[in-house]
Amino acid sequence: MFRFLEYLLIASYIAVLLVISHWIGQLAYSWMPLQATAEAKKVDDLFSFLVSIGAFILLGLVGMMLYSVLFFRASKEDYTEGHPSRGDVRLEILWTATPTLLVLWIAFQSLNIYQQLNILGLGQIVHLHLPLESQPANAAIASDVPKPASETIDVFAKQWEWSFRYPNNLTSNELHLKVNRSTRMNLHAQDVIHGFYVPEFRLKQDLIPKRNIEIVLTPTRTGKYKLKDSQFSGTYFALMEADVYVESVEAYNQWLTQTASEPTTVKNQAIAEHIEAAKTLFKSGWYTVAPDQPAVANERKVSNDT
């Protein structure tokens, strides 16, 4: 009878852990920025799944330790050693099989979510052409079904700025994307490794010099976002930001036609940081790449940069 009650208590404890860990996993969705692409939801689902597993393991181990401390404490006069568990075949199998099955389960879930990204009509998310190989978003949800990739935008990163070339040869320092339309972007690094990352988009991709890298994104939420350099690419990498606008097809086309005739000078914060004298007595002597002079954006031109 006592053994049955013990098993019942363990089963009840596991059930409570499952409920609590599931709740924590659902709460994890609120830890992430707003979902602004079709890809973001799948990534967040995987994150929530991993948080649930981690919470279950953590709470289970902490609960076992607390239970042992409360009910199996040795008296002050007891200096004997505990019963050794070496040679217990069942225990060896348990702590070998459980982590193995858990890792295989996580791998299956990861592969399943990656396949679901393809089901969304995105094809291959990242494709390498090799010689051999947050600012919060004020956005409104859009409900249209994502459509196939409609165009390709070239993305150029260099120390210390982003630039974007559109199909009509318009070069701008702003990235504009159509909502609910998959857009293919060719990523080019002109000097060192940079990282293309918009927190609300979730998918991050490194830009590697002399390699053309493609990613496909399907924005589903209109608004203004921030593109950041996720790699430490040098002194002013934290200043490498660009505005990203997700808008309707009509607004996108209007911007594309109107801004081509309105060239403007891009404000580059790295220039101001470079010119301003350092406000510290410590001189590192490190080599620093001098920022280029302010570029001209919203300019229609033909470029052969790759």
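## Aromatic rings

Tyr67, Phe71 and Phe72 are joined into a cluster by ring pairs. This structure is a predicted model, and a search of the whole of it turns up 10 aromatic pairs.

Let's look at one of them. Phe201 and Tyr225 form a tilted pair, with 5.6 Å centre to centre and 55° between the planes. Phe201 sits in the loop between β8 and β9, while Tyr225 belongs to strand β11, so the pair ties together parts that are 24 residues apart in sequence. Are these rings buried or exposed? Phe201 is buried, at 1% relative accessibility, and Tyr225 is buried too, at 0%.

Now meet an edge-to-face pair: Phe232 and Phe237, 5.0 Å centre to centre with 75° between the planes. Here Phe232 is exposed, at 62%, whereas Phe237 is partly exposed, at 24%.

## Salt bridges

How many salt bridges are there? The count comes to nine. One of them joins the side chains of Asp154 and Arg165, at 3.0 Å from N to O. Asp154 lies in strand β3 and Arg165 in strand β4, 11 residues apart. Asp154 is buried, at 13% relative accessibility, and so is Arg165, at 11%.

Strand β11 appears again with Lys228, whose partner Glu241 is in strand β12, so this pair ties together parts 13 residues apart in sequence. Their closest N and O atoms are 3.1 Å apart. Lys228 is partly exposed, at 21%, and Glu241 is partly exposed, at 39%.

## A salt-bridge network

Salt bridges can also be linked up: Lys224, Lys226 and Asp243 form a network of them.

Conventions: Residues are numbered from 1 along each chain as its sequence is written. This is a predicted model: local features need pLDDT of at least 70, side-chain atom pairs count only at pLDDT 80 or more; totals for chains, interfaces and linings use all residues. Side-chain values use heavy atoms; hydrogens and water are left out. Rings of Phe, Tyr and Trp (its six-membered ring) pair if their centres lie within 6.5 Å; planes under 30 degrees apart count as stacked, over 60 as edge-to-face and the rest as tilted. Helices (H or I, at least four residues) and strands (E, at least two) are DSSP runs, numbered from the N terminus. Buried means under 20% relative accessible area, exposed over 50%, partly exposed in between (1.4 Å probe, protein chains only). A salt bridge is a side-chain nitrogen of Lys or Arg within 4 Å of a carboxyl oxygen of Asp or Glu.
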